[in-house]
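Visitor: I am new to reading protein models, and I would like to learn how to go through one feature by feature. Could you take me through this one slowly?

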Amino acid sequence: MRDALGIPQSILVLGGTSDLALATVAELSGPREPKVVLAVRDEVRGAEAAGAIGAHAVTVPFDAAAVETHPRFVEELFAAHGDFDVVLVAFGLLDADDPLEVVDVNYRGAVSVLVALAERLKRQGHGAIVVFSSVAAERPRRANYLYGSTKAGLDAFAQGLHDDLAGTGVHVLTVRPGFVHTKMTEGRDPAPFSTTPDVVARAVADGLRRGAHTVWAPRGLRVLMTVLRHLPRPLFRRLPG
Ligand SMILES: NC(=O)c1ccc[n+]([C@@H]2O[C@H](COP(=O)([O-])OP(=O)(O)OC[C@H]3O[C@@H](n4cnc5c(N)ncnc54)[C@H](OP(=O)(O)O)[C@@H]3O)[C@@H](O)[C@H]2O)c1
C-alpha cells in the first residue's frame, strides 16, 4: 500500500532496464526505498540496473514475447514478493529485423501480461498500472507506422482496461511520451518537442497523484497532436521523419 505521503512501498517494472522506467522508479521513490522488482530479459543488464537502484531492488527473468509463460509468471511473482502498489509496463521495441517481433513484444506481449496483472491486482483490491504507450499511437507516420500501429493497439487496450477496472481499486494510467533521449532512440535525429526521461517520470508521478487516465510528455504534445490528427493526409505524409 502507498504510505501516508502517497509514496508506493512496492514497484514492479516489466522491462526493468528501460531508461524511462528507471527514471520513473527514482521519481516515485523519492528519498524512500520501496521494494523494487525489475523483470528483465537480460540478467546482466538487469543486475546493473538493480545495482544502480540499491539493495532494495531485485531482478526476475521475464520475456514479453513468451506469452505462454505470463499467467504463471504473474502468479509466482506475487506469491514470492507480495502485493505491488505500482506496476510499470515499460518494455518495447522501436523496430526489429522481423516486423512481427515488434507486434509480439509491444502489443501481443503487453496485452497478455496486462490481462494477467489486471486479474491479480483486482484480487489485491488496489494498485496502479502504468502503460508506456507513445505519441505514435495517435496517428501513424510514414517513418514508424509499424511501431505506431502496435502502440495504437496497446493504447486502446489500456484505455479500455482503465474503464473496465473502474470501481475495483485498480487504476490504469496511459503515458504518451514523444521523442525521449533513451537507449531506444540513440543515434536517431530528435523529433520536435524531444525530451528527457526525467520529464516523462515527473509526468507519470503527477498523473498518478491526480488519478489521470492519460498523460502526455511533454504536455504540449497533446495540443500538437490534436492539430496533426486532423491534418489532411497529403500534408501529414510530407512531415519530416
Ligand atoms: N524513448 C522514446 O522516445 C519513447 C517514446 C514513446 C514511448 N516509448 C516507450 O516507452 C517504453 C520504454 O522505452 P525506453 O525509451 O525506456 O527504451 P529502452 O531503454 O530501450 O527500454 C526498452 C525496454 O524494453 C525491454 N524489452 C525489449 N524486448 C523485450 C522482451 N521481449 N522482453 C522483455 N523486455 C523487453 C528492453 O530490455 P533489454 O534491456 O533486454 O533490451 C528494455 O528494458 C517503451 O515501451 C517505448 O516504446 C519510448
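Guide: We will go through the sheet, its crossovers, two unusual backbone places, a pocket and a few single residues, keeping in mind that this is a predicted model.

Visitor: How many strands does the sheet have, and in what order do they lie?

Guide: The sheet is an open one of 7 strands, and its order is 3-2-1-4-5-6-7, with parallel pairing. At its edges are strand 3, residues 57–61, and strand 7, residues 214–217, each of which pairs on one side only. From one strand to the next, the twist averages 20 degrees.

Visitor: Which residues stand opposite each other where strands pair?

Guide: Let us begin at strand 2, residues 35–40, which pairs with strand 3 in the parallel sense over 5 bridges; here V36 stands opposite A57. Strand 4, residues 86–89, runs parallel to strand 5, residues 127–132, and is joined to strand 5 by 4 bridges, with V89 opposite V131. V131 also stands opposite T174 in strand 6, where strand 5 and strand 6 pair in the parallel sense over 6 bridges. Strand 6 in turn is joined by 4 bridges to strand 7, again running parallel, and the bridge partner of P177 in strand 7 is A217.

Visitor: Is strand 6 mostly covered or mostly open?

Guide: A general idea helps here: in a regular strand, the side chains alternate between the two faces of the sheet. In this structure 8 of the 8 residues of strand 6 are buried, and both faces are covered, with V170, V172, T174 and R176 on one side and H171, L173, V175 and P177 on the other.

Visitor: What handedness does each β-α-β unit have?

Guide: To read the handedness, we look along the strands as they point away from us and ask whether the path from the first strand over the helix to the second runs clockwise, in which case the crossover is right-handed. Strand 2, helix 2 (residues 43–53) and strand 3 make a right-handed unit, and so do strand 5, helix 5 (residues 145–164) and strand 6. Strand 6, helix 6 and strand 7, however, make a left-handed unit.

Visitor: Where should I look for unusual backbone geometry, and what would I compare it with?

Guide: The background is that most residues other than glycine have a negative phi, and most peptide bonds are trans. F193 has a positive phi, near 70 degrees, and lies in the loop between strand 6 and helix 6. The peptide bond that joins A217 and P218 is cis, with omega about -5 degrees, and P218 is found in the loop between strand 7 and helix 7.

Visitor: Which residues lie closest to the centre of the second largest pocket?

Guide: The second largest pocket holds about 300 Å³ of space. It is lined by 14 residues, and those closest to its centre are R210, T214, V215, W216 and R219. Helix 6 and strand 7 are the elements that give two or more residues to the lining, and helix 6 gives the most, with 5 residues.

Visitor: Is R219 itself buried or exposed?

Guide: R219 counts as exposed because its relative accessibility of 68% is over the 50% cut-off. R219 is found in the loop between strand 7 and helix 7, residues 221–229. Its C-alpha atom is separated by 20 Å from that of L231, with the two residues 12 apart along the chain.

Visitor: Where do T182, F193 and V86 fall on that scale, and why?

Guide: T182 has 14% relative accessibility and V86 has 0%, so both count as buried, for which a residue must be under 20%. F193 is partly exposed because its relative accessible area of 40% falls between the two cut-offs.

Visitor: What surrounds T182, and how far is V86 from H162?

Guide: T182 has its place in the loop between strand 6 and helix 6, residues 197–210, and, leaving aside its neighbours within four places in sequence, T182 is in contact with D19, L20 and P197. V86 has its place in strand 4; the C-alpha atoms of V86 and H162, which are 76 residues apart along the chain, are separated by 14 Å.

Key. Residues are numbered from 1 along each chain as its sequence is written. This is a predicted model: local features need pLDDT of at least 70, side-chain atom pairs count only at pLDDT 80 or more; totals for chains, interfaces and linings use all residues. Side-chain values use heavy atoms; hydrogens and water are left out. Buried means under 20% relative accessible area, exposed over 50%, partly exposed in between (1.4 Å probe, protein chains only). Contact means heavy atoms within 4.5 Å. Two strands pair if DSSP finds at least two bridges between them. Axes are lines fitted to C-alpha atoms, for helices over the stretch in contact, and angles run from 0 to 180 degrees between N-to-C directions. On a 1 Å grid over the protein atoms alone, a cavity is a set of points where a 1.4 Å probe fits but cannot get out, and a pocket is an open set with protein on both sides within 12 Å along at least five of seven lines; lining residues have an atom within 4 Å of a point. Grid points are joined across faces, edges and corners, and a volume is the space filled by probe spheres set on the points.
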